[in-house]
Amino acid sequence: MNADLAIVGAGPAGLAAATLAAEFGVNVVVYDEQTSPGGQIYRAAETSPVARRLGAGFARGQELIAAFRASRARHVPRANVWSLDPARALGVSIEGQAEIVRSRAVILATGAMERPIPVPGWTLPGVMTAGGAQILYKTAGLVPSGRVALAGTGPLLWLLAHQLLSAGVRIEVLIDTTPDENWRGALRHLPAFMISRYVLRGLALQTAVRRRVRVLAGVERIEALGRDRLDAVLTRRALHGEETIPADLLLLHQGVVPNGNLAQAAGIRHDWNDAQLAFVPLLDADGESSIESVWIAGDGGGIAGAEAAEERGRIAALACLHRLGRIDRAAFDRLARPIRARLASAERGRAFIDWLHRPAQAFRVPEGKTMLCRCEEVLAQDVVEAAKLGAVGPNQLKAFLRAGMGPCQGRFCALSVTETLAAMHGRSPGEIGTYRLRPPIKPITLAEFASLPVDEAARRAVER
């Protein structure tokens with residue numbers, strides 16, 4: 001299959017980009033891992049049994065999806081995109097059948113993923129991420145029972161607490177790990193935050209949660225306790241010491257980071273972002289990456305939220321249209337002007353949120369027998385010992401421990417490995433770098449590889 005424009009991901013950025021591009025008659029195809037469009041933020045927006053409870057933000061997702069459905073863009077659900085090369089050829093598997101899709105332009109709208117949270121006991125049954133719990137609620141209306149604890153930092157933690165409370169869930173405690181010292185970095189961004197759309201929403205959300213939930217602030221350590229499953233959560237605060245809180249379910253969250261595995265494997269340049277504590281792709285003002293005619297839109301290009309993702313998707317789509325010759329530069333500038341104004345409004349105040357909710361180093365750099373790489377069962381102390389033996393970077397570490405070589409391709413350990421090695425060697429995470437990724441970035445079977453069409457050139461190469 002060939003296309004003028006191939007988009008990976010059907011969240012707000014992908015939906016907005018596809019809808020706009022299709023209006024100009026561009027042959028657009030959108031590949032999406034999920035069964036229906038919406039991405040993570042608007043997951044199951046068309047079918048969710050609790051859609052009405054999720055508020056105006058979720059309704060916005062339904063509007064985006066309706067406009068996308070009405071456009072001429074093609075939606076390919078349950079599609080696993082496992083490679084992208086500099087010539088804009090995508091490796092895609094759909095229901096066990098693999099194919100190579102060639103496109104004149106590509107927009108990666110892969111969104112965000114939750115930051116790894118390697119605390120002692122995080123592999124116990126009964127411990128999961130806040131995002132995972134939110135997915136269950138959105139898709140099936142499932143809510144937890146028993147003694148529920150939420151722990152970490154970031155807006156999603158408070159949003160989930162509010163959603164669960166609205167659904168009748170009793171929350172025993174919200175354990176806030178936001179470091180007090182974060183205010184020093186955040187204060188210089190406070191004026192912009194105070195005139196942003198986030199300030200009233202955030203205050204209302206936290207006020208509603210605090211009325212009904214015990215909140216522990218300034219927590220410096222979390223440990224999940226239990227033999228075969230979670231029994232309790234151990235917390236430690238500087239002025240209050242340790243406290244053990246009985247719990248049946250612990251929902252962890254330390255913010256979100258760009259989901260950049262596909263972009264990194266394609267060779268797109270990434271730089272360390274110290275505010276977001278993650279590797280972020282290097283993009284121009286229109287979202288174009290270091291590979292020509294490959295744009296990155298939405299949170300995959302840096303965390304800014306769903307509203308900003310929409311506008312970034314539209315800017316990337318206009319840039320594609322200009323590159324494909326569908327609009328001239330004057331039309332691009334005219335159409336982009338109101339979009340950039342809305343984008344600036346959506347991004348106002350984000351710097352304050354980034355700096356305020358930076359996770360403490362104790363939650364980014366695990367110690368001792370804490371499991372760091374879940375796929376290969378590598379402990380934090382193993383990484384420390386490998387660093388002492390001479391492992392200076394994540395790729396060299398693979399030869400010592402196989403960390404990052406499991407099915408998740410480093411999604412759950414890359415940032416922790418980078419920051420642990422940086423701390424050991426007294427260097428910055430940007431200097432240490434991250435895993436060198438190679439396709440396929442998602443697990444695919446040999447049968448899928450074998451299903452790829454074989455052209456005459458490939459046949460002749462094997463015959464030789």
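# Exercises: strands, helices and a few odd residues

Val233 stands opposite Ile245 in β14. Keep that pair in view as you start; the model you're looking at is a predicted one.

**Exercise 1.** Work out the order of the strands in the open sheet that contains β12, β13 and β14, and find which strands stand at its edges.

*Solution.* Start with β12 (residues 219–225) and β13 (residues 232–237): six bridges join them, and they run antiparallel. One of the pairs to look for is Arg221 with its bridge partner Arg236 in β13. Next, go from β13 to β14, where six bridges again join antiparallel strands. Put the two steps together and you get an open sheet of three strands in the order β12-β13-β14. β12 and β14 (241–246) each have a single partner strand, so they stand at the edges with one side lacking a neighbour in the sheet. On average, neighbouring strands here are turned by 20° against each other, if you ignore direction.

Now look at how the chain gets from β12 to β13. The two form a hairpin with six residues between them, and Gly226 in the turn has a positive phi of about 155°.

**Exercise 2.** Do the same for the five-strand open sheet: what is its order, and is the pairing parallel or antiparallel?

*Solution.* Try one pair to begin with. β9 (residues 148–153) and β10 (residues 171–176) pair in the parallel sense over five bridges, and Gly152 has Asp176 in β10 as its bridge partner. The whole sheet reads β8-β15-β9-β10-β11, with parallel pairing. Its edges are β8 (127–129) and β11 (214–216); each has a single partner strand, so one side of each is left without a neighbour in the sheet. Finally, find helix α3 (residues 130–140): this helix lies across β8 and β15 (249–254), at about 80° to β8.

**Exercise 3.** Decide how helices α13 and α14 are oriented to each other, and say which residues make the contact.

*Solution.* Take the angle first: α13 (residues 380–388) and α14 (residues 394–401) pack at about 105°, with their axes 10 Å apart. Angles of 65 to 115 degrees count as roughly perpendicular, so that's what these two helices are. Then pick out the touching residues. α13 brings Asp382, Val383 and Ala386, while α14 brings Leu397, Phe400 and Leu401. Sorted by class, that's five nonpolar, no polar and one charged.

**Exercise 4.** Is Gln34 buried or exposed, and what is it in contact with?

*Solution.* Find Gln34 in the loop between β2 (28–31) and α2 (55–70). Its relative accessibility is 13%, so Gln34 counts as buried; the cut-off is under 20%. Leaving aside neighbours within four places in sequence, its contacts are Gly39, Gln40, Arg43, Pro77 and Arg78. For Gly39 you can be more specific: its backbone oxygen lies 3.2 Å from a polar atom of the Gln34 side chain.

**Exercise 5.** Check the backbone at Arg88, Leu277 and Pro440.

*Solution.* Arg88 sits in the loop between β4 (79–84) and β5 (89–94). Its phi is near 70°, positive although the residue isn't glycine. With 21% relative accessibility, Arg88 counts as partly exposed.

Leu277, in the loop between β17 (270–273) and β18 (278–281), also isn't glycine and has a positive phi, near 50°. At 1% relative accessibility, Leu277 counts as buried.

Last, Pro440 is in the loop between α16 (429–432) and α17 (446–450). A cis peptide bond joins Pro439 to Pro440, with omega about 0°.

Definitions and conventions
Residues are numbered from 1 along each chain as its sequence is written. Side-chain values use heavy atoms; hydrogens and water are left out. Axes are lines fitted to C-alpha atoms, for helices over the stretch in contact, and angles run from 0 to 180 degrees between N-to-C directions. Helices (H or I, at least four residues) and strands (E, at least two) are DSSP runs, numbered from the N terminus. Angles under 35 degrees count as roughly parallel, over 145 as roughly antiparallel, 65 to 115 as roughly perpendicular and the rest as oblique. Contact means heavy atoms within 4.5 Å. Ala, Val, Leu, Ile, Met, Phe, Trp, Tyr, Cys and Pro count as nonpolar, Asp, Glu, Lys and Arg as charged, and the others, Gly among them, as polar. Two strands pair if DSSP finds at least two bridges between them. Buried means under 20% relative accessible area, exposed over 50%, partly exposed in between (1.4 Å probe, protein chains only). A polar contact is a pair of N or O atoms within 3.5 Å; within protein, one must be able to donate a hydrogen and the other to accept it, and residues adjacent in sequence count only if both atoms are side-chain atoms.
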